[in-house]
Amino acid sequence: MGKFASRGDYQNTNFELRELKMARCDVAIIGAGPYGLSATAHLHTVKGLDIHTFGEPMSFWQRNMPVGMLLRSGWTASQIADPNESLTLDAFRAANGNHFSSPVPLDCFVGYGLWYQCQAVPEIDKRKITRVESGSGGFRLLFEEGEAVFARRLVVAAGIGSFTWRPPEFARLPCSFASHTSEHGGFGRFAGKQVLVIGSGQSALESAALLHEGGAEVEIVARARQIRWLGGLVSKTIHNGLGSTLSRLLYAPTDVGPAGISQVVARPDLVRRLPRSIQDWLRKRSIRPLGARWLIPRLQNVPIKLGRTVVSAAPVGERIKVKLDDGGERTIDHVLLGTGYRVDVSKYDFLAPGLAESISRFQGYPRLKQGFETSVPRLHILGAPAVWSFGPLMQFVVGTHYSSRSLLRCVAGKAAGDRVRVGEPLVAELG
């Protein structure tokens with residue numbers, strides 16, 4: 001891409017001169033997790049398109065998920081989309097001699113993602129982007145080192161790390177007293193400690209199981225009145241008792257959503273055309289807190305208190321005292337928050353405030369058009385922030401199959417149009 005500009009280049013008051021001195025590319029992709037890698041692999045099929053991808057491959061999965069975790073999604077739904085459909089979990093397993101199966105262990109999935117990256121996206125810029133500003137005809141990306149690059153189009157696939165949600169009762173407490181499940185790559189330091197886990201979804205339940213197995217004294221508290229488990233009686237009856245044909249009719253391979261609904265949410269183009277009230281209902285039914293059934297035996301000796309919420313939490317010496325809405329109290333060593341994520345793209349700290357505010361949003365979710373394009377021309381956002389526009393599939397790895405193809409169609413078509421308009425040969429062909 002050529003030599004990057006120095007800090008003095010973009011501090012120059014002449015904006016156009018600064019742009020000319022920067023390295024340039026057609027498309028910049030921020031994020032090297034499943035969505036960023038898949039998007040890059042697909043866009044590489046557009047001939048003549050200069051793409052630059054930024055980020056540390058699979059870093060969130062490596063650093064922010066606990067050792068020993070298993071993926072909730074099934075085998076097919078855990079595969080990252082690639083344009084030739086050849087970079088599958090089966091291909092990775094064969095290439096590396098691994099013998100894992102479903103549920104997929106976290107370390108195997110990380111290995112798969114890194115293998116995918118080496119095969120499909122060998123060149124990645126791992127430097128951290130600290131700021132993105134909109135410029136004349138594109139975006140200016142600034143790095144920690146003071147260099148910059150100008151991109152005509154920007155794809156944000158930065159994951160969910162910026163969206164962790166802490167209930168108000170814990171918002172002001174130091175992480176030494178209360179931390180989010182995403183802040184731990186393992187729970188070894190809690191061996192012999194008393195830990196209260198808040199939540200009833202997969203993250204809370206699996207974290208509680210891992211803590212218990214690691215020697216911690218664990219209790220789960222959740223406002224839900226019951227724990228919902230995947231693969232219940234209805235699912236088992238359909239899958240095992242009514243035959244594979246009916247099962248395939250009611251459940252899509254995407255593995256998202258209950259019977260019937262699964263087939264609807266597997267079609268984002270259909271979902272986005274439905275009335276908003278139906279879209280919201282589909283989302284709530286498909287991504288509500290659930291636990292994998294294989295966790296049940298691992299939690300048999302873990303106390304679970306349901307239908308309760310925390311009303312206050314305060315340090316008591318080196319411990320933390322928690323009060324519940326029924327008047328019950330706990331004084332424990334730590335509170336682990338399995339409270340999930342709340343999307344708000346303005347919390348992406350690399351987006352300049354002016355750029356973030358110019359993105360049309362609903363309750364933090366960007367309003368996206370075809371190709372996952374925001375209200376800011378040539379700015380696309382992939383992954384969980386796309387749930388409001390394209391449905392619950394976008395919250396899972398399996399959503400890469402739709403999002404990457406949709407992005408490819410949009411970018412390839414516009415790249416071709418741009419070249420035709422300026423009288424250049426049409427070289428944006430799909431590989």
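This is a guided tour of a predicted model, stop by stop, with a selection to make at each one.

**The whole chain**

Start with everything shown as a cartoon. The protein has 15 helices and 16 strands. Colour by accessibility next: of the 431 residues, 51% count as buried. If you like contact maps, look away from the diagonal, since among contacts in the protein with a separation of 6 or more, 64% are between residues 24 or more positions apart.

**Helix 3 against helix 6**

Select residues 34-43, which are helix 3, and residues 106-120, which are helix 6. How do these two helices cross? Their axes come within 10 Å, at an angle of roughly 25 degrees. Angles under 35 degrees count as roughly parallel, so helix 3 is roughly parallel to helix 6. The crossing of this pair is left-handed.

Now show side chains at the contact. On the helix 3 side, pick Pro34, Leu37, Ser38 and Ala41. On the helix 6 side, the residues they meet are Phe109, Gly113, Tyr116, Gln117 and Ala120. Colour this set by residue class and you will find six nonpolar residues, three polar ones and no charged ones.

**The loop ahead of helix 6**

Stay with helix 6 and step back along the chain to Pro103, in the loop between helix 5 (89-96) and helix 6. Zoom in on the bond between Ser102 and Pro103: this peptide bond is cis, with omega at about 0 degrees.

**The loop after helix 3**

Go back to helix 3 and follow the chain onward to Leu49, which sits in the loop between helix 3 and strand 2. Is Leu49 buried or exposed? Its relative accessible area is 13%, so Leu49 is buried. Add Val27 to the selection and draw a C-alpha to C-alpha distance: the two residues are 22 residues apart in sequence and 7.6 Å apart in space.

**Met58 and its surroundings**

Continue past strand 2 (51-54) into the loop that leads to helix 4 (59-63), and select Met58 there. The phi angle of Met58 is near 60 degrees, a positive value in a residue other than glycine. With a relative accessible area of 1%, Met58 is buried.

While you are here, select Glu56 and Arg63. These two form a salt bridge, and their closest N and O atoms are 2.4 Å apart. Glu56 is partly exposed, at 36% relative accessibility, and Arg63 is exposed, at 52%.

**Strand 3**

Move to residues 129-135, which are strand 3, and pick Gly135 within that strand. Gly135 has a relative accessible area of 24%, so it counts as partly exposed. Select Phe150 as well: this residue is 15 residues from Gly135 along the chain, and their C-alpha atoms are separated by 8.5 Å.

**Salt bridges further along**

Side chains of opposite charge can pair when their charged atoms come close. How many salt bridges does the count come to? It comes to 16, using a cut-off of 4 Å between nitrogen and oxygen.

For one of them, select Lys321 and Glu329, whose closest N and O atoms are 3.4 Å apart. Both partners are partly exposed: Glu329 has a relative accessible area of 43%, and Lys321 has 35%.

For another, select Glu357 and Arg361, where the N to O distance is 3.7 Å. Here Arg361 is partly exposed, at 24% relative accessibility, whereas Glu357 counts as exposed, at 55%. Then display Lys305, Arg308, Asp325 and Asp326 together, because salt bridges that share partners join these four residues into one network.

**Last stop: Gln363**

Finish in the loop between strand 14 (361-362) and strand 15 (365-366), and select Gln363. What is the phi of Gln363 near? The value is near 50 degrees, positive in a residue other than glycine. Gln363 is exposed, with a relative accessible area of 64%. Keep Met58 on screen for a side-by-side view: that residue also has a positive phi, but Met58 is buried.

Technical notes
Residues are numbered from 1 along each chain as its sequence is written. This is a predicted model: local features need pLDDT of at least 70, side-chain atom pairs count only at pLDDT 80 or more; totals for chains, interfaces and linings use all residues. Side-chain values use heavy atoms; hydrogens and water are left out. Axes are lines fitted to C-alpha atoms, for helices over the stretch in contact, and angles run from 0 to 180 degrees between N-to-C directions. Helices (H or I, at least four residues) and strands (E, at least two) are DSSP runs, numbered from the N terminus. Angles under 35 degrees count as roughly parallel, over 145 as roughly antiparallel, 65 to 115 as roughly perpendicular and the rest as oblique. A crossing is left-handed if the near helix is turned anticlockwise from the far one by less than a right angle, and right-handed if clockwise. Contact means heavy atoms within 4.5 Å. Ala, Val, Leu, Ile, Met, Phe, Trp, Tyr, Cys and Pro count as nonpolar, Asp, Glu, Lys and Arg as charged, and the others, Gly among them, as polar. Buried means under 20% relative accessible area, exposed over 50%, partly exposed in between (1.4 Å probe, protein chains only). A salt bridge is a side-chain nitrogen of Lys or Arg within 4 Å of a carboxyl oxygen of Asp or Glu.
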